[in-house]
Structure formats: structure tokens, C-alpha cells
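I opened this notebook to keep track of what I looked up, one topic at a time. My plan was to begin with the helices and then turn to charged side chains.

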Amino acid sequence: MDLKGFDQAGRHTAGDTRSVKVMIAGGFGTGKTTMVRSVSDIKPLTTEETLTQASADVDRLIGVADKTETTVSLDFGKIGLNDSLVLYLFGTPGQERFWFLWNGLFKGALGAVVLVDTRRLASSFRAIEEMERQHVPFVIALNVFPDSKDYPVDEIRDALDIPAHIPVVAFDARDRSASRDVLITLIHHLRDRSATAVESR
């Protein structure tokens with residue numbers, strides 16, 4: 001994969017391998033930890049804690065009533081897409097009470113995947129707004145749950161007010177190949193975005 005022309009160069013490691021920081025963002029219960037776990041080449045670092053009755057008034061479990069754990073800091077994983085490109089994955093916490101951590105996590109990120117649960121679109125509005133505020137290029141990944149309705153991608157794009165140039169793809173966060181394909185979609189988006197920026201100069 002040709003990475004020449006990127007606006008921001010990734011950090012180079014031994015053997016001329018480029019490492020890139022990628023954020024995995026989204027609302028509470030959209031599958032961020034699941035994606036990092038499924039796609040990482042290494043045993044991922046997770047900071048999940050058990051949901052207790054004490055957080056019942058804070059964490060809104062509407063639509064995710066069977067969720068028993070939640071990320072309280074970050075998730076971290078790593079995947080090599082080819083011999084010259086390694087992605088370091090940083091999963092964000094989804095609950096509003098941990099959003100203050102996002103500013104530090106996004107520092108140095110080349111791009112992001114925003115996970116969306118089509119059963120609860122509103123849970124991802126904040127993540128999309130944060131991408132725009134921090135000027136982080138992103139793609140939208142619709143995580144398909146067993147009871148998710150099969151909405152047309154264009155309908156979801158309109159509902160989330162996503163511009164036509166931003167990819168929107170459906171996938172299963174539990175599936176390694178599907179999660180890897182989402183990351184490849186992000187890399188292609190970053191490359192195309194960079195090429196467009198160069199052409200407009």
C-alpha cells in the first residue's frame with residue numbers, strides 16, 4: 001500500500017515500517033472493545049470494569065441491557081496491515097463521564113473509525129462531533145448486531161448527516177477479517193484525502 005503523499009507522516013520504525021495511530025471511537029456499547037480484541041495481532045490491553053448497580057443512574061443501558069462491562073480508560077491493540085504499515089489502535093471509552101479522556105487520546109492520531117449501532121444512532125453523535133472538532137479524518141463503521149435492522153447505508157448516512165466523501169460501511173466487530181477491512185477502508189480514505197489535498201494546491 002502506497003502511503004506517499006500523506007499530510008502527516010507516520011512514525012518510522014526498524015526496517016522502514018511506518019506506524020500509524022488510529023482511534024476506535026463511538027458511543028457506549030457500540031463494540032469498540034470487541035473490534036480491538038478481534039483484529040489485534042497482540043493480546044490487547046483493555047481497561048474494562050464490571051457495571052454495577054451503583055452506576056445505574058449514570059450509564060444509560062437502553063438498548064444494551066445485557067452489557068456487563070465497560071471501558072473506563074482505553075483499549076489498545078496493534079495490527080500489521082502489510083510489511084510496511086502497522087496500526088496502533090486506541091479505543092475510547094463511550095460513557096459521557098469519561099469523555100474528558102478523549103482530548104489526550106486523540107493527540108497524534110492520523111485517523112479514526114467511528115462505530116455506530118444502528119439501533120441507537122444517537123449514541124454516536126458525540127463521537128462524530130468530536131472527529132469534526134478535532135479535525136480527525138474518519139470513516140463510519142456500522143456494527144451489525146443480531147437484532148439490528150437492515151437499513152440502507154444511504155439512509156444511515158442521511159440520518160447521521162455524513163458527507164458523501166466519508167465512507168460508511170457495515171461490518172461485524174466480532175469478525176477479524178471484517179474489522180481488518182474497515183481499517184483498510186480508513187487507510188484508503190486517508191490516502192485519497194491526502195491526494196485530493198495535494199491536487200488542490
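The entries below follow two helices and then some salt bridges in this model, which is a predicted one.

**Entry 1, helix 3.** I looked up which residues of helix 3, spanning residues 125-134, are buried, and I found Ala127, Ile128, Glu130 and Met131. I then looked down the axis of helix 3, where these buried residues fall within an arc of 160°, so they line one face of the helix. Going on to the residue just after helix 3, I noted that His135 takes a positive phi of about 55°.

**Entry 2, helix 4.** I asked the matching question of helix 4, residues 153-160, and wrote down Ile156, Arg157 and Leu160 as its buried residues. Seen down the axis of helix 4, they fall within an arc of 105°, so these residues too line one face of their helix. On the other side of helix 4 I found Asp154 and Asp158, which are exposed.

What covers the buried residues of helix 4? I listed strand 7 (111-116), helix 3, strand 8 (138-143) and strand 9 (168-171) as included in that cover, and I noted that the helix of my first entry is among them. After helix 4 comes Asp161, and its phi is positive, near 60°.

**Entry 3, a salt bridge inside helix 3.** I looked up the salt bridges and recorded a count of eight. One of them joins the side chains of Arg133 and Glu130, with 2.6 Å from N to O. Both residues lie in helix 3, three residues apart, which I noted is about one turn of the helix.

Are the two partners buried or exposed? Arg133 has 51% relative accessibility and the cut-off for exposed is over 50%, so Arg133 counts as exposed. Glu130 has 3%, and buried means under 20%, so Glu130 counts as buried.

**Entry 4, the salt bridges of Asp117.** I then turned to Asp117, which forms a salt bridge with Arg119, the closest N and O atoms being 2.8 Å apart. Asp117 also forms a salt bridge with Arg120, where the closest N and O atoms are 3.1 Å apart.

I checked the burial of these partners as well: Asp117 is buried, at 0% relative accessibility, and Arg120 is buried too, whereas Arg119 is partly exposed, with a relative accessible area of 30%. Finally, I wrote down that Asp117, Arg119, Arg120 and Asp147 are linked in a network of salt bridges.

Conventions. Residues are numbered from 1 along each chain as its sequence is written. This is a predicted model: local features need pLDDT of at least 70, side-chain atom pairs count only at pLDDT 80 or more; totals for chains, interfaces and linings use all residues. Side-chain values use heavy atoms; hydrogens and water are left out. Buried means under 20% relative accessible area, exposed over 50%, partly exposed in between (1.4 Å probe, protein chains only). Helices (H or I, at least four residues) and strands (E, at least two) are DSSP runs, numbered from the N terminus. The arc is that of the directions from the helix axis to the C-beta atoms. Contact means heavy atoms within 4.5 Å.
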